[in-house]
Amino acid sequence: MSDNRQSLSDLAAIAAEAAAAPAAAPAAPEAAATAAAPVEAEAPAAPVEPAAPTMPLRAQEIDNLGRAYATGRRKDAVARVWVKPGTGKITVNGRDQEIYFARPTLRLVINQPFGVTDRNGQYDVIATVKGGGLSGQAGAVKHGIAQALTKYEPALRSAVKAEGFLTRDSRVVERKKYGKAKARKSFQFSKR
């Protein structure tokens, strides 16, 4: 049985279950001795279902305007993102997402966290982005939206984390080396 409960109250419950298991273990040999077949000895034990946490593992983080704030980063771009319940409007640097990110692939990148959590059209996003190019900025906004979603709805954290949206993509441009044209490209070789 895989146990994925992580809060302190869940750990206390696991410890209590572990303490109860040895107490039930001495009764098991007596039950096995009285039972006609070993299959019947296992029958009385009810299947143990993983208990759903009664409360989210993390607390909801909302400002006084009812928004969740997060910072997203990708390459050289840094995005400040605010998420609040709404109609699904995404505003980047004061402009609509269709205008700021003209390429459809960039808009798909931004909307990935909503698609994974089935929250399309349920949240309004306001983002300000600085640095980098459009691709890096789209990745930064996606990272910020994923972080802000998990702060607004902590129950979504496992779904977003499983897709890897909460992890900052650490790939950046490799530095240029001396004696080379770029980071790895060499000048044309001349034998003579």
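Start by selecting α6, residues 134–152: 16 of its 19 residues are buried, so this helix is largely enclosed by the rest of the structure. Keep in mind as you click around that this is a predicted model. While α6 is highlighted, check its length. With 19 residues at 1.5 Å each, α6 should span 27 Å, and its end C-alpha atoms sit 26 Å apart, which agrees.

**Zoom out for a moment**

Show the whole chain as a cartoon. You should be able to count seven helices and five strands. Going along the sequence, the pattern reads α-α-α-β-β-β-β-α-α-β-α-α. Of the 192 residues in the chain, 28% are buried. Now think about contacts between residues with a separation of 6 or more: 67% of these link residues that are 24 or more positions apart. If you turn on the surface, the chain exposes about 13100 Å², with carbon and sulfur atoms supplying 56% of that.

**Select the sheet**

Next, colour the strands. The five of them make an open sheet in the order β1-β2-β5-β3-β4, with mixed pairing. Which strands stand at the edges? Those are β1 and β4 (95–96); each has a single partner strand, so one side of each is left without a neighbour in the sheet.

Go to β1 and β2, which run antiparallel and are joined by seven bridges. Together β1 and β2 form a hairpin with two residues between them. Pick K75 in the turn, which has a positive phi of about 50°. Right by that turn, R74 has A77 in β2 as its bridge partner.

Show the side chains of β1 and you'll see them alternate. A68, A70, G72 and R74 point to one face and are buried, whereas Y69, T71 and R73 point to the other and are not.

Then move across to β2 and β5, which pair in the antiparallel sense over eight bridges. A handy landmark is K84, which stands opposite D124 in β5.

**Into the nonpolar core**

Now select V81, F101, I110, F114, V125, V141 and I145. Among the 25 residues of the largest nonpolar core, these touch the most other members. At least two residues of this core come from each of β1, β2, β3, α5, β5 and α6. Which element gives the largest share of the core? α6 does, with seven residues.

For a close-up of one α6 residue, centre on V141. Ignoring its neighbours within four places in sequence, V141 is in contact with A79, V81, F101, I110, A127 and V129.

**Last stop: the aromatics**

Hide everything but the aromatic rings. There are four aromatic pairs in the whole structure. One of them is Y100 with F101, an edge-to-face pair at 5.0 Å centre to centre and 85° between the planes. Y100 counts as buried at 13% relative accessibility, and F101 is buried too, with a relative accessible area of 0%.

For another arrangement, select F114 and Y123. This pair is stacked, 6.5 Å centre to centre with 20° between the planes. Buried or exposed? F114 is buried, with a relative accessible area of 3%, and Y123 also counts as buried, at 5% relative accessibility. Finally, add Y152 to the selection: F114, Y123 and Y152 form one aromatic cluster.

Note on methods
Residues are numbered from 1 along each chain as its sequence is written. This is a predicted model: local features need pLDDT of at least 70, side-chain atom pairs count only at pLDDT 80 or more; totals for chains, interfaces and linings use all residues. Side-chain values use heavy atoms; hydrogens and water are left out. Rings of Phe, Tyr and Trp (its six-membered ring) pair if their centres lie within 6.5 Å; planes under 30 degrees apart count as stacked, over 60 as edge-to-face and the rest as tilted. Buried means under 20% relative accessible area, exposed over 50%, partly exposed in between (1.4 Å probe, protein chains only). A nonpolar core is a set of buried Ala, Val, Leu, Ile, Met, Phe, Trp, Tyr and Cys residues joined through side-chain atoms within 4.5 Å. Helices (H or I, at least four residues) and strands (E, at least two) are DSSP runs, numbered from the N terminus. Contact means heavy atoms within 4.5 Å. Accessible areas come from the Shrake-Rupley method with a 1.4 Å probe; for residues, only the protein chains shown count as cover. The expected span of a helix is 1.5 Å times one less than its number of residues. Two strands pair if DSSP finds at least two bridges between them.
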